Every structure is written in C-alpha cells, then in structure tokens.
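Subject: Structure handover

Hello,

Please find the structure below, sequence included. My notes on it follow.

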Amino acid sequence: MASLQVKPTRMELSNLKKKRKVAVRGHKLMKDKRDEMVRRFILYVRQNQALRKQVEEKLAAAMQAFVLARASMSAEAIEEALCYPARPASIEVGTQYVLSISVPQLKLAEDQGFDYPYGFMTTSAELDGAVQAFAEVLPMLIQLAEVEKICNRLADEIEKTRRRVNALEYVMIPQFDEAIRAITMKLDENERGNLTRLMKTKDMIANR
Amino acid sequence: MAGKKGDLAIIGDRDSVLLAKAVGLDVYDETDPDKASRLIHRLAREEYKVIFLTEPLFAACSEAVDQYKSETFPAIIPIPDSHGSSGVAMANIKANVEKAIGADILFAEEN
C-alpha cells in the first residue's frame with residue numbers, strides 16, 4: 001500500500017492525528033448509515049417483490065381480457081371507444097426522504113369513481129371487463145412505481161456508502177496509522193540522537 | 001396524443017398500451033427501441049413523473065433507463081405486455097438486491 005508522504009514534524013503529526021480522528025468518526029457514522037439503509041432496503045424490496053407479483057398477475061389478466069375484447073370487436077371500433085379518456089389520470093407528486101435520499105412520493109389524484117369512457121352501444125362486454133380490470137390495477141401500479149424507485153435509489157446509495165466505508169476502513173485509516181507511526185519513530189529517533197549527543201558532549205567536557 | 005398532459009405516460013406496442021388510454025394515461029405507441037429511447041428522454045424533459053414501459057422495450061432501452069435510474073424523477077417502471085410477464089422486472093429487483101447486499105437473499109428460497 002502506498003503510504004502517505006509526510007514530513008516528520010510535530011505539526012504534521014498533530015494534523016495527522018486530527019485527520020485520523022475525523023476519519024474514524026466518519027467511518028463509524030457511515031457504517032451506521034449503511035446498516036440502516038440495508039435494513040430499510042430489505043423491507044422495501046420485500047414489499048416491491050410482493051407488489052410486483054400482484055401487479056403482474058392482475059395486469060396480465062387485464063391484457064388477456066383486452067385481447068379477447070379485440071377479437072370480438074373491430075379494430076376501428078376499439079380505437080374509437082378508447083381514444084377519448086373520460087378524464088386524464090394524474091398523480092399527486094411529492095418528494096420524501098429516506099435517510100436523506102430524495103425519493104418520489106406518488107399518489108393517485110382524488111378518485112371520483114370509475115366510469116367508462118365510451119357508450120355501451122358499440123362495445124362488447126369483454127372490453128368493459130378489461131377496462132375495469134386495468135382501472136383497478138392503476139393505483140397498485142402507482143404504488144409499485146414509488147416502491148420500485150425507492151429500491152433503485154436505495155440500492156444505488158447503499159453501494160456508494162459501502163464503497164466509502166471500505167475506502168475509509170481499509171485505505172484511509174491504515175494510511176494515517178502508518179504515517180503517524182512513521183513520524184513518531186522518526187521523532188523518537190531524533191530525540192535519542194539528541195540525547196546521546198548531549199551525553200557525549202557532557203563526557204567530553206568532564207574529561208577536559 | 002392524449003387529451004390533457006398528465007404526469008403518467010406509457011410506452012409500448014399497440015395491443016398492450018391501448019387499454020391504458022381508457023383510464024387516462026398518456027399513451028405512446030412505439031416498438032422501435034431507438035425511437036423509444038428518444039421518447040424516454042423527451043418525456044423526462046417534459047417532466048413526466050412516471051413512465052411505464054413494456055418489458056421488451058425496458059430490456060431494449062436499458063441505456064436510457066439506466067440514465068434515469070439514479071434520479072428522483074422520472075420513475076421508469078417495467079410492466080408486462082399482452083404476452084404476459086417475461087421476468088425482466090423481477091430480474092431487475094433481483095439485481096437491485098444483489099447490488100445492495102452482495103448476495104441474493106430474497107429469491108434464494110424460490111430457486
């Protein structure tokens with residue numbers, strides 16, 4: 001490991017000691033952060049998995065129903081029936097923070113009950129079923145979007161934090177330790193050198 | 001394309017996404033990955049908050065998707081298309097777990 005190149009002075013030593021203290025503290029904080037993030041991540045990802053499973057089942061059912069509906073109606077008729085939404089769906093969007101990571105908070109805007117966007121004259125019953133099934137999945141889809149985004153962001157952030165923790169633990173702190181040790185040794189050596197010189201001088205003076 | 005601009009958009013092949021129109025999502029009918037990628041970038045600029053993408057497109061446009069993965073908005077979410085789920089989305093969750101924890105702890109019991 002490449003060690004830090006430092007001048008062996010007392011000033012450097014005290015600077016290094018301060019830096020090491022900060023690094024150790026940062027390491028501890030970062031480690032706690034990582035642990036908590038992993039804990040939350042596991043909660044969210046379980047939720048994500050369950051939700052995804054449900055949504056996929058229901059959505060697949062809705063799509064199947066739609067395929068059936070297409071078979072029983074002409075393509076133009078379907079297009080015509082579906083082209084004008086009863087009301088555009090919109091969501092309330094906010095930002096929430098999970099351990100100071102900003103994640104979206106999504107909520108389906110106030111639901112005024114579901115109604116079909118078309119008249120029943122030219123459409124088949126299968127289409128009604130498909131549309132209703134899809135409308136029922138929509139709130140879950142929105143929730144899924146929120147949870148999945150949280151998971152993505154958390155996974156990203158956990159990875160980053162883990163790198164930082166490891167960098168501190170295995171690179172920065174050992175480097176500081178080594179540099180501090182090197183400086184201490186050098187200073188001690190100087191001290192001993194000084195002492196012997198003094199003793200030698202004292203002897204020379206006494207022998208005169 | 002759709003009446004009023006909401007915050008939700010859905011991109012996919014015609015069969016899969018037409019249904020979404022009935023409940024008021026903004027529907028974009030696209031199957032070409034290149035065009036879909038451009039569309040994703042455009043929709044992101046237009047401040048759509050959630051973009052649903054059918055699984056085949058999600059897999060094909062991974063470059064565009066990854067770019068927005070680490071940002072708060074938009075959330076790009078894969079959904080199964082009319083042929084059913086292909087497992088891309090689940091694989092995505094799994095990849096997340098592996099990335100965050102280093103080992104797959106959720107799906108281990110299922111495989």
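Chain B comes first. It has five helices and four strands, and from the N terminus on these run β-α-β-α-β-α-α-β-α. Please bear in mind that this is a predicted model. Chain B has 111 residues, of which 51% are buried. Among its contacts with a separation of 6 or more, 56% join residues 24 or more positions apart.

Next, the contact between the two chains. Chain A puts 50 residues into it and chain B 39. On the chain B side, the elements that give two or more residues are α1 (14–22), β3 (50–54), β4 (75–79) and α5 (88–101) of chain B. Of these, α5(B) supplies the largest share, eight residues. Sorted by class, the side of chain B that touches chain A has 22 nonpolar, ten polar and seven charged residues.

In chain A, I looked at helix α2, residues 75–82, where A:Ile78, A:Ala81 and A:Leu82 are buried. Why do they sit on the same side of α2(A)? The arc they cover around the axis is only 85 degrees, so they fall on the same side of the helix. As background, an α-helix has 3.6 residues a turn, so residues three or four places apart point the same way. The cover over the buried residues of α2(A) includes α1 and α3 (125–207) of chain A, and also α1 of chain B.

Helix α1 of chain A, residues 10–72, contains A:Leu51. Is A:Leu51 buried or partly exposed? A:Leu51 has 18 C-beta neighbours inside 10 Å, and a residue needs 20 or more to be buried, so A:Leu51 counts as partly exposed. Apart from neighbours within four places in sequence, A:Leu51 is in contact with A:Met140, A:Gln143, A:Leu144 and A:Val147. One of these, A:Leu144, is 93 residues away from A:Leu51 along the chain, yet their C-alpha atoms are separated by 6.2 Å.

The last item is a strand pair in chain A. Strands β1 (residues 91–98) and β2 (residues 101–108) of chain A pair in the antiparallel sense, over eight bridges. As one example, A:Gly94 has A:Gln105 in β2(A) as its bridge partner. The two strands, β1(A) and β2(A), form a hairpin with two residues between them. In that turn, A:Leu99 has a positive phi of about 50 degrees.

Regards

How values were computed
Residues are numbered from 1 along each chain as its sequence is written. Chains are lettered from A and ligands numbered from 1 in the order in which they are written. This is a predicted model: local features need pLDDT of at least 70, side-chain atom pairs count only at pLDDT 80 or more; totals for chains, interfaces and linings use all residues. A residue is buried if 20 or more other C-beta atoms lie within 10 Å of its own, exposed if 12 or fewer, and partly exposed in between; C-beta atoms are placed from the backbone. Two residues are in contact if their C-beta atoms, placed from the backbone, lie within 7 Å. Ala, Val, Leu, Ile, Met, Phe, Trp, Tyr, Cys and Pro count as nonpolar, Asp, Glu, Lys and Arg as charged, and the others, Gly among them, as polar. The arc is that of the directions from the helix axis to the C-beta atoms. Two strands pair if DSSP finds at least two bridges between them.
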